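Me: I would like to learn how to read the features of a structure, one at a time. Please give the general idea where there is one, then the case at hand.

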Amino acid sequence: MTDDRAIILKADELPDKWYNIIPDLPEPLPPPMDPPEGYSRIGDLPNLLVGECLKQEMSAERWIPIPEGIQELYLAAGRPRALFRAKNLEKKLGTPAKLFYKSEFYSPTGSHKVNTALAQAYYAKEQGFERLTTETGAGQWGNALAYASSLVGLDCTVFWVRAVYRWKPHRLNFMQMFGAEVYASPSQQTEFGKKLYAENPDHNGSLGIAISEGLEDAKKDPKAVYCLGSVLNHVMLHQSIIGLETKKQMEIAGEYPDVVISCLGGGSNFGGIALPWMQDVLKKKADIQFIAAQSEAAANLQGEYKYDFADHAEMTPMLKMCTLGHQVTMVPILGDGLRYHGSSPILSLLRHLGYIDTIAYPTDEVHIFQRAKEFVQAEGFLPAPESAYSVACAIDEAIKCKENNEKKTILFNISGHGFLDMDGYAEKLGLKKQPERA
Ligand SMILES: *Cc1c(COP(=O)(O)O)cnc(C)c1O
């Protein structure tokens, strides 16, 4: 049967190289810097990050081979993932636009984060480490790393922003099933955490604080290494698998996107789907509009483009990025994975040069969850709250096409599923517990 409703690649069509956009950028990427005072954070990096990841972080090679061991892990995680044409949704909206979406929701733990978690865990194991430490906000990254650790045979410690730790008990149980040690952050496991915990044991925490805790924990233990789930260049690299598969799939469908959309927190899923297409824009002068869907709670791409720390305690080097300030407080939202103060240096530069548009949705999130409901009713897949921003933006664009009678091809990424986020959906959509009906 030939149809472009679902475009499915075979195992032997899995890309065997990641795409590194750094050599194709219109300007050199500003390197990380040490702050004017204090110890050298850059000098500290080899003690903190996996060696191969650090090498990739600074690589100028355009194509980086994916080791066979990681290709196998990708296959085990269900890659390549399908690309769907949202025909039901198109019909329901009455739009002349064509809508395509990539299905990162088929991930074992529920998000695209496994694409870099598997790579980082694989390289850490190769280097002889025994334990991975990390932070998590929404819980998807901690869960992905717990899964990857379990597959390659490593221990895993997760510092989880307390406010979210308390509201997602099933996500916690899922991490525990992989054998991970999970702490609410600020925790009593690190000096930095202890200080904040003593001031307030109910401290809500933040991603910046949890990163500081993960870094400190790894620094104290020579058998442990820290992993970061977004923002950094090597994470963008690993996530390019999303866009590389999608390019093959769009070619099979005989289509080319006019618009590429995804949600953006630190930038890894947006970069993953967008950067392989960005190469066409930079090289072949293809004309594609890129839209990052964000929350007004953390519209980091609309922040200042400057050097800033990636964590609250200033343990990381300074990165040139679009930032709201590393100690800013951000209002809580259900799409918690989008709540980070800064954006990937690569995407920040491209934004600064005018290649990426951004839209920030109100923090009440009503519009986002309404749109996700429309999507579910037409297509059936339940997006993660973060991914719902991508869905909402794509629907908004499709409606504009209807109003202007434009036949655009819109490609969007659905970074994860929302099966463990039903409480959030129930709250926003007013879904009631009902008395038993028989
Ligand atoms: C972490 C996460 C995000 C936001 O992070 P990015 O690095 O910007 O992709 C978005 N969607 C899901 C499902 C996530 O888990």
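**Helices, sheets and a ligand**

Reply: Start with a helix that lies across a sheet: H15 crosses E5, E10, E11, E14 and E15, and runs at about 170° to E15. Keep in mind that this is a predicted model.

Me: Which strands make up the sheet that contains E15, and in what order?

Reply: The general idea comes first. Strands of a sheet pair through backbone hydrogen bonds, either parallel or antiparallel. Here seven strands form an open sheet, ordered E1-E4-E5-E15-E10-E11-E14, with mixed pairing. The edges are strand E1 (6-7) and strand E14 (357-361); each has a single partner strand, so one side of each has no neighbour in the sheet.

Me: How many bridges join E11 to E14?

Reply: Strand E11 (residues 289-295) and E14 run parallel and are joined by five bridges. To find one of these by eye, go to Ala 292, whose bridge partner in E14 is Thr 358. H12 also packs on this sheet, where it touches strand E5 (98-103), strand E10 (259-263), E11 and strand E15 (409-414). The direction of H12 makes about 160° with that of E10.

Me: What is the strand order in the open sheet of four strands?

Reply: The order is E8-E7-E6-E9, and the pairing is parallel. Strand E8 (181-185) and strand E9 (224-226) are at the edges with a single partner strand each, so one side of each is left without a neighbour in the sheet. On average, neighbouring strands of this sheet are turned by 20° against each other, direction ignored.

Me: Where can I see E6 pair with E9, and which helix packs on this sheet?

Reply: Strand E6 (residues 131-136) runs parallel to E9, with three bridges between them. Look at Arg 131, which stands opposite Ala 224 in E9. The helix is H8 (residues 169-177), which touches E6, strand E7 (155-161) and E8. Its direction makes about 165° with that of E7.

Me: Now the ligand. Which residues come nearest to it?

Reply: There are 19 residues around the ligand, and Lys 113, Ser 230, Gly 265, Ser 268 and Ser 415 come nearest. For polar contacts, check which part of the residue supplies the atom. Lys 113 places a polar side-chain atom 2.7 Å from an oxygen atom of the ligand. With Gly 265, a backbone N or O atom lies 2.7 Å from an oxygen atom of the ligand. Ser 268 has a polar side-chain atom 2.7 Å from an oxygen atom of the ligand.

Me: How much of the ligand does the protein cover, and which elements give two or more residues to the shell?

Reply: On its own, the ligand has 380 Å² of accessible area, and the protein covers 97% of that. Helix H12 (268-284) and helix H15 (385-404) are the elements that give two or more residues to the shell. Sorted by class, the shell holds four nonpolar, 13 polar and two charged residues.

Me: Last, the backbone. What should I look for in the loops?

Reply: Most residues other than glycine have a negative phi, and most peptide bonds are trans. The bond from Arg 79 to Pro 80 is cis, with omega near -10°, and Pro 80 is in the loop between helix H3 (68-76) and strand E4 (83-85). The bond from Ser 185 to Pro 186 is also cis, with omega near 5°; Pro 186 sits in the loop between E8 and helix H9 (191-199). Lys 285 is not a glycine, yet has a positive phi of about 60°. Find Lys 285 in the loop between H12 and E11.

Note on methods. Residues numbered from 1 in each chain as written. Predicted model: local features only at pLDDT ≥ 70, side-chain atom pairs only at ≥ 80, totals over all residues. Heavy atoms only, no water. Near = heavy atom within 4 Å. Polar contact = N/O pair within 3.5 Å; in protein donor to acceptor, adjacent residues only side chain to side chain. Areas by Shrake-Rupley, 256 points an atom, 1.4 Å probe, with all protein chains shown as cover. Nonpolar A, V, L, I, M, F, W, Y, C, P; charged D, E, K, R; others polar. Pairing = 2+ DSSP bridges. Axes fitted to C-alpha atoms, helices over the stretch in contact; angles between N-to-C directions. Contact = heavy atoms within 4.5 Å.
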